[in-house]
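Me: I should like a close look at the side-chain contacts of this protein, with the aromatic pairs and salt bridges taken in turn. Please add an account of the spaces that the side chains enclose.

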Amino acid sequence: MKLISDPPIPVKIQKMKERVRWMHPSFVQRGIDQTSIVIDDRREDSPEFSFMVIGDSGTQSHYRQHPQRKVAELMLTHRDDCSFVLHTGDVIYVVGSQEYYSTNFIEPYREFLVGGDNPKDIPYDHMVFNLPFLPVPGNHDYYDVPLMYRLFTGTTSSLRRLLRYKDIEIGWHGSYQGNAYARAFMDYTGAMSSPELERHLDQHYTAKTDTGRCLRYEPGQFTRLPNRYYTFRYGGIDFFALDSNTFNTPSPLPATQEGEIYRRGLQKRRQEIDREELQILGIYDRLNPDKPSEAEQLDDLSAKLDQINEIKIDIEKQLASHKMPAIDFEQLEWLRSRLIESWNTSEVRGRVIFFHHPPYVTEATKWDQAQTLAVRHRLRWVFEQVAETLGFLIKERPIVDLILNGHAHCLEHLCTTDTGFADSHINCIISGGSGHRPRYQREEGTELMETFTEIAGKPTRKVADSTLFVGRHDYNFQNRLPYSCVRIDVLDGSPPKFIIRPLITERVEDEWYNRELEPFVI
């Protein structure tokens with residue numbers, strides 16, 4: 001039973017290009033770089049500044065609880081001290097539909113929006129932020145609802161159970177291959193006539209960088225992004241926003257006996273979770289959300305259904321990998337060249353990358369996913385090329401100072417070890433606990449090992465250590481659900497130092513408690 005679907009990578013790439021009129025003559029003739037922005041916030045350029053990071057937030061209130069709003073309230077106490085907010089993806093659950101932008105984004109973050117006093121009057125495709133809000137797309141922002149579900153929900157007992165699933169943010173629409181995200185955040189020039197486009201470019205693409213003219217991001221006036229991946233410089237730090245949804249496909253399974261055994265294991269696992277899903281839907285159908293004792297159980301079951309769909313999609317990607325996967329080499333080559341350019345620019349003192357899928361994580365449902373390993377290998381490939389080109393220029397420093405991710409529903413700090421590659425000694429912060437149900441850390445512990453074969457084998461090398469994990473846990477027979485975001489203070493100096501300030505709002509039974517963990521410096 002397929003509740004959600006993930007468009008093929010070539011479709012994602014092509015659709016997004018059409019929406020921003022990628023390399024249209026009007027852009028080319030003006031020498032416009034469609035991957036850069038300048039944040040024109042009228043602040044004095046300073047090497048010391050702060051920003052916040054959130055992710056996996058886009059859920060509505062469930063059974064009188066609204067964790068995302070609780071996190072937004074935490075953020076408000078730091079808003080005046082911060083220059084911008086980074087969002088690591090999954091802006092809208094479950095299928096990125098425009099139906100849910102009002103309840104799942106505009107309402108919770110209303111104070112960050114112009115006109116936020118009347119959030120219901122803000123169209124999702126005309127949002128203007130009073131504080132820069134800079135997202136990347138998550139997997140849920142690309143998901144769609146199969147046509148058969150939309151047409152026939154409610155006509156049979158099984159599909160009536162699916163209608164109950166609709167209560168957890170699956171409606172009559174999907175993202176339409178990321179279209180809702182593009183209309184909400186990107187400069188959707190694909191809908192403009194030729195004269196409108198000419199005027200638009202002359203009005204909003206007036207900033208200048210080393211790579212040409214680019215979009216001017218003006219808080220309170222014009223807050224669009226030029227592309228699904230982009231870069232900006234702030235306080236001497238280069239930030240690179242990536243779309244990891246187009247380079248997360250697993251490599252093909254080897255055409256060997258070992259590979260065939262692994263494939264059969266995946267097929268068996270797929271059948272098992274299909275049966276588990278039907279069992280959950282059966283229980284779900286019998287529970288009453290109006291009874292407090294059953295509402296919590298419904299919330300847990302909803303989270304399990306979402307998790308099952310993630311596992312299904314990961315398995316499907318592996319089973320479909322009988323040929324070389326589609327990989328967004330255009331974006332990866334862009335990252336490679338921009339990192340090299342950044343290292344050769346004297347005024348740049350540090351580099352931060354943010355995207356959705358974490359290459360290193362110990363959250364129980366994500367650490368060994370095939371997509372996790374695919375992203376790690378693709379990023380490592382880029383870093384290896386950058387290191388080879390730069391040579392002695394890097395000296396003892398890592399290629400990037402900080403990697404920020406979501407996808408895993410937790411807050412975590414990891415640092416890579418000497419991996420034997422150019423992804424060594426990099427600090428990683430996962431901020432994916434900002435609204436959707438938190439998850440446990442894996443039982444295997446905090447040391448992340450890696451095997452250098454294509455399929456599962458005995459780990460041969462430690463590649464990362466987890467030094468902080470904030471996720472679901474049990475204490476004194478109580479289920480504790482900590483939701484989180486991160487404030488990061490950037491200090492002067494080269495290389496820069498970052499003060500990491502984890503911000504937590506924790507639900508224990510029906511009570512909420514706010515706390516700040518001890519800040520740490522990386």
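Reply: The account below takes up aromatic pairs, charges over rings, salt bridges, and then a pocket and a cavity. The model is predicted, and everything said here is to be read as a description of that model.

The aromatic contacts come first. A search of the whole structure yields 31 aromatic pairs. One of them is formed by Phe-51 and Phe-84, which are stacked because their ring centres lie 5.1 Å apart and their planes meet at 15 degrees; the cut-off for a stacked pair is an angle under 30 degrees. Phe-51 belongs to strand 2 (residues 49–54) and Phe-84 to strand 3 (residues 84–87), so this contact ties together parts that are 33 residues apart in sequence. Phe-51 has a relative accessibility of 0% and therefore counts as buried. Phe-84 is likewise buried, its relative accessible area being 0%.

Tyr-101 and Tyr-124 form an aromatic pair that is tilted, with 5.3 Å from centre to centre and 35 degrees between the planes. Tyr-101 lies in helix 4 (residues 101–106), whereas Tyr-124 lies in the loop between helix 4 and strand 4 (133–135), so the pair ties together parts that are 23 residues apart in sequence. Both Tyr-101 and Tyr-124 are buried. These two tyrosines also belong to a cluster linked by ring pairs, in which they are joined by Phe-105, Tyr-109, Phe-112, Phe-129, Phe-133, Tyr-181 and Phe-185.

Aromatic rings also meet charged groups. The ring of Tyr-188 has the charged end of Arg-183 sitting over it, 4.1 Å from the ring centre. In a second case, the charged end of Arg-442 sits over the ring of Trp-367, at 4.4 Å from its centre.

The salt bridges follow. The structure holds 38 of them, and three are described here one by one. In the pair of Glu-73 and Arg-69, the side chains meet at 3.6 Å, N to O. Glu-73 and Arg-69 are 4 residues apart in helix 3 (residues 67–76), so about one helical turn separates them. Glu-73 is partly exposed, with a relative accessible area of 36%, whereas Arg-69 counts as buried at 12% relative accessibility. The cut-off behind this contrast is that buried means under 20% relative accessible area.

Asp-202 and Arg-213 form another salt bridge, with 3.9 Å from N to O. Here the pair links distant parts of the chain, since Asp-202 is in helix 8 (residues 194–204) and Arg-213 in strand 6 (residues 212–217), 11 residues apart. Asp-202 is partly exposed, with a relative accessible area of 44%.

In the salt bridge of Arg-480 with Glu-506, the closest N and O atoms are 3.5 Å apart. This pair, too, links distant parts of the chain: Arg-480 is in strand 16 (residues 478–490) and Glu-506 in strand 17 (residues 498–508), 26 residues apart. Arg-480 counts as buried at 18% relative accessibility, and Glu-506 counts as buried at 3%. Elsewhere, salt bridges that share partners join Arg-69 and Glu-73 with Glu-107, Arg-110 and Glu-111 into one network.

The enclosed and open spaces remain. The second largest pocket has a volume of about 560 Å³. Its lining comprises 25 residues, and those nearest the centre of the pocket are Val-38, Thr-209, Phe-232, Arg-233 and Tyr-234. At least two lining residues come from each of strand 1 (32–39), strand 5 (207–209), strand 7 (230–234), strand 8 (237–241) and helix 11 (329–343). By residue class, the lining of this pocket holds 11 charged, 8 polar and 6 nonpolar residues.

As for closed spaces, there are 2 cavities of 30 Å³ or more in the structure. The second largest cavity contains about 40 Å³ of space. Ile-13, Met-16, Lys-17, Trp-22, Asn-227, Arg-228 and Tyr-229 line this cavity. Its lining divides into 4 nonpolar, 1 polar and 2 charged residues.

Methods. Residues are numbered from 1 along each chain as its sequence is written. This is a predicted model: local features need pLDDT of at least 70, side-chain atom pairs count only at pLDDT 80 or more; totals for chains, interfaces and linings use all residues. Side-chain values use heavy atoms; hydrogens and water are left out. On a 1 Å grid over the protein atoms alone, a cavity is a set of points where a 1.4 Å probe fits but cannot get out, and a pocket is an open set with protein on both sides within 12 Å along at least five of seven lines; lining residues have an atom within 4 Å of a point. Grid points are joined across faces, edges and corners, and a volume is the space filled by probe spheres set on the points. Ala, Val, Leu, Ile, Met, Phe, Trp, Tyr, Cys and Pro count as nonpolar, Asp, Glu, Lys and Arg as charged, and the others, Gly among them, as polar. Rings of Phe, Tyr and Trp (its six-membered ring) pair if their centres lie within 6.5 Å; planes under 30 degrees apart count as stacked, over 60 as edge-to-face and the rest as tilted. Buried means under 20% relative accessible area, exposed over 50%, partly exposed in between (1.4 Å probe, protein chains only). A charge sits over a ring if NZ of Lys or CZ of Arg is within 6 Å of the ring centre and within 35 degrees of the ring normal. A salt bridge is a side-chain nitrogen of Lys or Arg within 4 Å of a carboxyl oxygen of Asp or Glu.
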